[in-house]
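Please look over the model shown here, and then read the report below, which goes from the overall fold to the contacts between side chains.

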Amino acid sequence: ILRVLKPGGRFVFAGEPTKIGDTYARKLGQLTWWLTTNITRIPALSGWRRPQSELDESSRAAALEAVVDIHTFDPSELEKIAREAGFKDAEAKTEEFAAALFGWPVRTFEAAVPPEKLTWGWRMFAYRAWQRLSWVDENLLRGVVPREFFYNVMITGTKS
């Protein structure tokens, strides 16, 4: 990046998981998957269960993601790496703590149930809840929760 940027040029990497965020997101996803796929085995809830072949394929894809999606970061380490590489003004910012704690179970639940079960009302509830929790993250939790606990990290800096 440093080689191809003009002096004063800015780089931005956005949306990569923090080490801690990735850990809790995976655990929340695993727990939600286990709960949803086991509860929907109950005959009265079987209409909420995707076909086993779809569940198996989703599990295979999730297992592959854990192998190939290994880029997780500590915000302070990212800043240090960028500064040592020669970038000035290197700054990492994080987002989504409460929103991620809510969002990962919701996304996992949605992947485990038939799409036709997820009404417009459900989709709007999930979206609005995520929006509100993102506001809480930005306006309340950012000053209380260490940035390493937020899910996403972005970094930027400029070439001298």
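Read from one end of the sequence to the other, the protein follows the pattern β-α-α-α-β-α-α-β, and the predicted model thus holds five helices and three strands. The radius of gyration is 19 Å, well over the 15 Å that the globule rule gives for 160 residues, so the protein is more spread out than a compact globule. Taken along the principal axes, the C-alpha atoms fill a box of roughly 65 × 35 × 25 Å, and 35% of the 160 residues count as buried.

One of the loops offers a buried position to start from. Leu 118 is found in the loop between H4 and H5, and with a relative accessibility of 8% it counts as buried, because that value is under 20%. Computed along the sequence, Leu 118 and Ala 66 are 52 residues apart, while in space their C-alpha atoms are 27 Å apart.

## Aromatic contacts

The structure holds 10 aromatic pairs. In one of them, Phe 109 and Trp 122 form a tilted pair, with 5.4 Å from centre to centre and 55° between the planes. Phe 109 lies in helix H4 (residues 98-112) and Trp 122 in helix H5 (residues 120-141), so this pair ties together parts that are 13 residues apart in sequence. Phe 109 is partly exposed, with a relative accessible area of 23%, and Trp 122 is likewise partly exposed, at 24% relative accessibility.

A second pair, Tyr 127 and Trp 130, is stacked, with 6.4 Å from centre to centre and 20° between the planes. Both residues lie in helix H5, three residues apart, which is about one turn of the helix. Tyr 127 counts as partly exposed at 43% relative accessibility, and Trp 130 is partly exposed as well, with a relative accessible area of 30%.

Ring pairs also link Trp 48, Phe 102, Phe 109, Trp 122 and Phe 125 into a cluster, and the tilted pair of Phe 109 and Trp 122 therefore belongs to that cluster.## Charges over rings and a nonpolar patch

In two places a charged side chain meets an aromatic ring. The charged end of Arg 107 sits over the ring of Trp 104, 4.7 Å from its centre, and the charged end of Arg 142 sits over the ring of Phe 150, at 5.2 Å from the ring centre.

On the surface, Leu 31, Trp 34, Leu 35, Ile 39, Ile 42, Leu 45 and Trp 48 form a nonpolar patch, with about 640 Å² of accessible area together. Among these residues, Ile 42 lies in the loop between helix H1 (19-39) and helix H2 (52-68), and Ile 42 is partly exposed, with a relative accessible area of 44%.

## Salt bridges

The structure holds eight salt bridges, including the three in this table.

| Salt bridge | N to O distance |
|---|---|
| Arg 60 and Glu 57 | 3.1 Å |
| Glu 84 and Lys 80 | 3.8 Å |
| Glu 138 and Lys 93 | 3.7 Å |

Arg 60 and Glu 57 are three residues apart in helix H2, a separation of about one helical turn. Arg 60 is partly exposed, with a relative accessible area of 49%, and Glu 57 is partly exposed, with a value of 44%. In helix H3 (residues 75-85), Glu 84 and Lys 80 are four residues apart, again about one helical turn, and Glu 84 counts as exposed at 60% relative accessibility.

The salt bridge between Glu 138 and Lys 93 joins two elements: Glu 138 lies in helix H5 and Lys 93 in strand S2 (residues 87-95), so the pair ties together parts that are 45 residues apart in sequence. Glu 138 counts as partly exposed at 38% relative accessibility, and Lys 93 counts as partly exposed at 41%. Salt bridges that share partners join Lys 93, Glu 138 and Arg 142 into one network, and the charged end of Arg 142 is also the one that sits over the ring of Phe 150.

How values were computed. Residues numbered from 1 in each chain as written. Predicted model: local features only at pLDDT ≥ 70, side-chain atom pairs only at ≥ 80, totals over all residues. Heavy atoms only, no water. Phe/Tyr/Trp six-rings, centres within 6.5 Å; stacked < 30°, edge-to-face > 60°. Buried < 20%, exposed > 50% of the residue type's maximum accessible area, 1.4 Å probe, protein only. Lys NZ or Arg CZ within 6 Å of the ring centre and 35° of its normal. Patch = residues over 30% accessible without salt bridge, like charges linked within 9 Å, V, L, I, M, F, W, Y side chains within 5 Å. Areas by Shrake-Rupley, 256 points an atom, 1.4 Å probe, with all protein chains shown as cover. Salt bridge = Lys/Arg side-chain N within 4 Å of Asp/Glu carboxyl O. Rg over C-alpha atoms; globule rule 2.2 N^0.38 Å.
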